[in-house]
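This report describes selected side-chain contacts and helices in one protein model. The sequence and coordinates are shown first.

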Amino acid sequence: MSEQKMIHTMEELSRALREGASEDYRAFFLPLIPAVDPGRVLGVSLPALDEIIKRMSPEFTRTFLDSSSLPHGTHEEDLLHMRLLRREGDFAAIVANLKYFLPHVDSWAVTDTPLPKVFREHRRELWPTTVDWLGAQGAYTRRYALYLLKSLYLDQEYGKLTIQIVGAFRDPRYYVAMMQAWFFQEAFLHFEEESFAVYGQLPEEVQRMTRRKVLDSKKSSPQLKSKLRRPKS
C-alpha cells in the first residue's frame with residue numbers, strides 16, 4: 001500500500017475530506033445533528049478524521065487553527081479543529097484558540113469532543129474562563145462551559161460551588177438545557193444531597209431531562225432512581 005501524501009493546503013484538505021466521506025455515514029449522522037445545515041456535512045467518520053489529522057503538516061495545522069481560517073466551511077472541519085486542539089500541549093494556546101473558535105460552533109458533536117489532557121492539570125487557571133463562557137451568548141459556548149464543569153469540577157474542591165452555579169443557571173435552548181441535565185446526572189453520583197437541594201428549583205424541562213438520564217444510567221443506584229421516581233410532595 002502506497003503511503004498517503006501529507007496535507008499542506010486547504011485545497012488538499014478539502015480533497016482528503018471528500019475522499020473520506022461516506023453517504024451511508026452521512027445519512028446515519030445527519031439526524032443526530034439537526035441544528036447543523038446539512039450542506040455543511042460531508043459524512044466523514046471520526047476514525048477517518050483522525051487519519052487525516054496524521055497527514056496534516058505542522059505548518060498547515062497552524063494555518064488551519066488560526067482565527068483567519070474561521071468560520072470553517074464544513075462540520076468536519078469544525079470537528080478537526082477541536083480534535084487538533086485536544087492534541088495540543090500548550091494550555092494558554094488552547095484557551096486563546098477556543099475563545100475565537102467557540103462562537104462559530106453549531107454542533108454538540110464538536111463541543112463534546114474529549115477534552116485536552118492538559119485541562120485537568122490546569123483546572124484552577126481554567127476556572128474563571130469556564131465561568132465566563134457560561135455567561136456567553138452562544139448556545140454552544142455555554143454547552144461547552146457546562147461540559148467543562150461536569151468533567152473537571154465535580155470534586156471535593158469545586159463540587160459544591162459548581163452545583164450552586166449550575167443550579168442557578170438558566171438557558172431554555174435545547175442543547176444547553178440537555179448538557180445542564182447531563183451535569184446533574186453526574187452531580188447526583190458524587191453529591192447527592194447537594195444536588196437534591198437545587199434539583200427542585202431547576203426548570204421543569206431540565207428536571208425531566210435529568211430524571212430521564214438518571215433512570216437510564218447504569219451508574220445510578222437503585223436508591224437514587226427510586227427517589228427521583230417519587231412524585232413531588
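The text below covers salt bridges, aromatic contacts and two helices of this predicted model.

**Salt bridges**

Side chains of opposite charge can pair when their charged atoms come close. Across the whole structure, the search returns 16 salt bridges. Three of them are listed here by residue pair and by the separation of the closest N and O atoms.

| Acidic residue | Basic residue | Closest N and O atoms |
|---|---|---|
| Aspartate 171 | Arginine 142 | 2.8 Å |
| Aspartate 171 | Arginine 173 | 2.8 Å |
| Glutamate 194 | Lysine 160 | 3.8 Å |

Aspartate 171 forms a salt bridge with arginine 142 and another with arginine 173. The pair of aspartate 171 and arginine 142 links distant parts of the chain, 29 residues apart: aspartate 171 sits in the loop between helix 11 and helix 12, while arginine 142 belongs to helix 10 (residues 139-152). Is aspartate 171 buried or exposed? Its relative accessibility is 6%, so aspartate 171 counts as buried, the cut-off being under 20%. Arginine 142 is buried as well, with a relative accessible area of 14%. Arginine 173, by contrast, counts as partly exposed, at 35% relative accessibility.

The salt bridge between glutamate 194 and lysine 160 has its closest N and O atoms 3.8 Å apart. This pair also links distant parts of the chain, with glutamate 194 in helix 13 (residues 192-199) and lysine 160 in helix 11, 34 residues apart. Glutamate 194 is partly exposed at 23% relative accessibility, and lysine 160 is partly exposed with a relative accessible area of 49%.

Salt bridges also link Arg123, Arg124, Asp155 and Glu157 in a network.

**Helices 11 and 12**

Helix 11 (residues 159-168) contains glutamine 164. At 47% relative accessibility, glutamine 164 counts as partly exposed. The C-alpha atom of glutamine 164 is 7.4 Å from that of valine 198, although these residues are 34 positions apart along the chain.

Helix 12 (residues 174-190) has 17 residues, and the distance from its first C-alpha to its last is 25 Å. This is close to the 24 Å expected at 1.5 Å a residue. How much of helix 12 is buried? Of its 17 residues, 13 are buried, so helix 12 is largely enclosed by the rest of the structure.

**Aromatic contacts**

A pair of aromatic rings is described by the distance of the centres and the angle of the planes. The whole-structure search finds 16 aromatic pairs. One of them joins tyrosine 25 and phenylalanine 29, whose rings are 5.6 Å apart centre to centre with 20° between the planes. The arrangement is classed as stacked because the planes are under 30 degrees apart. Tyrosine 25 and phenylalanine 29 are 4 residues apart in helix 2 (residues 23-29), which means that about one helical turn separates them. Phenylalanine 29 counts as buried, with 9% relative accessibility.

Tyrosine 153 and tyrosine 158 form an edge-to-face pair, at 4.9 Å centre to centre and 75° between the planes. Both tyrosine 153 and tyrosine 158 are buried.

Trp133, Tyr144, Tyr147 and Trp182 make up one aromatic cluster. Which residue lies over the face of tryptophan 182? That residue is lysine 150, at 4.3 Å from the ring centre.

Conventions. Residues are numbered from 1 along each chain as its sequence is written. This is a predicted model: local features need pLDDT of at least 70, side-chain atom pairs count only at pLDDT 80 or more; totals for chains, interfaces and linings use all residues. Side-chain values use heavy atoms; hydrogens and water are left out. Rings of Phe, Tyr and Trp (its six-membered ring) pair if their centres lie within 6.5 Å; planes under 30 degrees apart count as stacked, over 60 as edge-to-face and the rest as tilted. Helices (H or I, at least four residues) and strands (E, at least two) are DSSP runs, numbered from the N terminus. Buried means under 20% relative accessible area, exposed over 50%, partly exposed in between (1.4 Å probe, protein chains only). A charge sits over a ring if NZ of Lys or CZ of Arg is within 6 Å of the ring centre and within 35 degrees of the ring normal. The expected span of a helix is 1.5 Å times one less than its number of residues. A salt bridge is a side-chain nitrogen of Lys or Arg within 4 Å of a carboxyl oxygen of Asp or Glu.
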